[in-house]
Amino acid sequence: MSTILDIEKIRSQFPTLHKTVNGKPLIYFDNGATSQTPQCVIDRLKTYYEDENSNIHRGVHTLSQEATAAYEDSRRKLQEYLNASREEEVLFTKGTTDAINLVANGFSRSILKSGDEILISSMEHHSNIVPWQMACDYTGAILRVIPINDEGEILFEEYQKLLSTKTKLVAITHVSNTLGTINPIKEMIHAAHQINIPVLIDGAQSIPHMKVDVQELDCEFYAFSGHKMFGPTGIGVLYGKYEWLEQLPPYQGGGDMIKNVSFERTTYNDLPHKFEAGTPNIAGGIGLGAAVDYLNTLDWKNIQIHENLLLDYATEHINNIDGIQIIGQAQRKAGVLSFVHQKAHHYDLGTLLDQLGVAVRTGHHCTEPLMHRFNVTGTTRASFALYNTKEEIDIFIDALKRALKMLL
Ligand code: 7TS
């Protein structure tokens, strides 16, 4: 494939991409679920366990100081990567889900009152629905949902109509994991700020596909997971504006998040530690720093061109197959291709594709309300990353045709 990226060099850094599955070379099109891990991140995790393994923020001994320095260095790398104005604005969490729960918990306990409203969209992942439903159950607040059109795009005028003085937060995904839609979050944030409403962005699916600048976006919160951006599992980030993180109460209680404890009264630690109770995922945090180092070596402009070419090529070829309907045809999309076939079940398609070496995801993709919106029970989803190629799409399309022949 003629490409602007040195794709062979990129692929050589990802050991899993060279596996065979069911006797076939693996074609990994399940990047929306998790991305593969480059050797530099794997090496960094290994070095941590071989050389630096120690608890952090508490030891006077050398090993603990080294581990603390590496962990805090990662935080600074993330601050720089996101262009956050202070390192205290970068909280380590278990992932996107944990980050959103942290904010929902804080809002439940300190901001939301009966009759207040939280605004989300029809295309949210369950992680950006259920924590708000729980917050509403707890406080009597009401969940409002921004509708979308048949292409899978936010209806901006409806969004504006839903914004009111009752709205206490807008929580919206940057990129839909099921449709691939890139939402106009900058305009949405701007509209919310007109009436002083804070905005949380679920960045789980955007971070691996584009450069994000939180100051330029001006969002109050931005949540994402390490394992979808070439980093380790079990680690993620909540970016929050300093004054908002100061205002919210701590999420969990325990070690590290306190200044002083007595049975009568406990005082909480400064940011970011106030939100990081207990021994954190130290190796994960350090490994995520290595993933950021890796991302910093990439040419983002050309990666976006490459990923758009992959998406356009796959879309064109899938559209030529009889009986297939693409779910999600927004003008602006990231590398996600979800589809249904009028006769073949997505689960059967996924199973047969796996037999042919192609890993895709099937089902509702943790977006059940979105499935209802499109009147389907699930889809087959191919989601691409920077290391995928046009040749892999050719094999996938061939495999899909073979699978359909077997099923129909
Ligand atoms: N938000 C979005 C938009 C997501 O796509 C996901 C995971 C999450 C939140 C939750 O992330 P976690 O790391 O905390 O689990 N999405 C998917 C997916 O599409 N297939 O598997 C996981």
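These questions and answers cover the ligand site, the nonpolar core and some backbone details of a predicted model. In this predicted model, local features need pLDDT of at least 70 and side-chain atom pairs pLDDT 80 or more, while totals for chains, interfaces and linings use all residues. Residues are numbered from 1 along each chain as its sequence is written, and side-chain values use heavy atoms, without hydrogens and water.

Student: Which residues come nearest to the ligand?
Tutor: Near means that a heavy atom of the residue lies within 4 Å of the molecule. There are 16 residues around the ligand. Those that come nearest are Thr97, Asp202, Ser225, Arg361 and Arg381.

Student: How far is a polar side-chain atom of Arg361 from a nitrogen atom of the ligand?
Tutor: A polar contact here is a pair of N or O atoms within 3.5 Å. Asn177 places a polar side-chain atom 2.8 Å from a ligand oxygen, and Gln205 places one 2.7 Å from a ligand oxygen. For Arg361 and the ligand nitrogen, the distance is 2.5 Å.

Student: How much of the ligand's exposed area does the protein bury?
Tutor: Areas come from the Shrake-Rupley method with a 1.4 Å probe. Taken alone, the ligand exposes 490 Å². The protein buries 87% of that.

Student: Which helix gives the most to the largest nonpolar core?
Tutor: A nonpolar core is a set of buried Ala, Val, Leu, Ile, Met, Phe, Trp, Tyr and Cys residues joined through side-chain atoms within 4.5 Å. Buried means under 20% relative accessible area, exposed over 50%, partly exposed in between (1.4 Å probe, protein chains only). The largest core has 76 residues, with Tyr159, Val170, Tyr222 and Tyr387 making the most contacts inside it. Nine of its residues come from the top contributor, helix H10 (residues 282–296).

Student: Is His346 buried or exposed?
Tutor: His346 lies in helix H12 (residues 346–355); helices are DSSP runs of H or I, at least four residues, and strands are runs of E, at least two. Its side chain reaches the backbone nitrogen of Gly363 at 3.5 Å. His346 has a relative accessible area of 12%, so this residue is buried.

Student: Which residues does the cis peptide bond join?
Tutor: Most peptide bonds are trans. Here omega is about 0°. The cis bond joins Leu271 and Pro272.

Student: What is the phi of Asn375?
Tutor: Most residues other than glycine have a negative phi. Asn375 lies in the loop between helix H13 (368–373) and strand S17 (379–383). At 71% relative accessibility, Asn375 is exposed. Its phi is positive, at about 60°.

How values were computed:
Polar contact = N/O pair within 3.5 Å; in protein donor to acceptor, adjacent residues only side chain to side chain.
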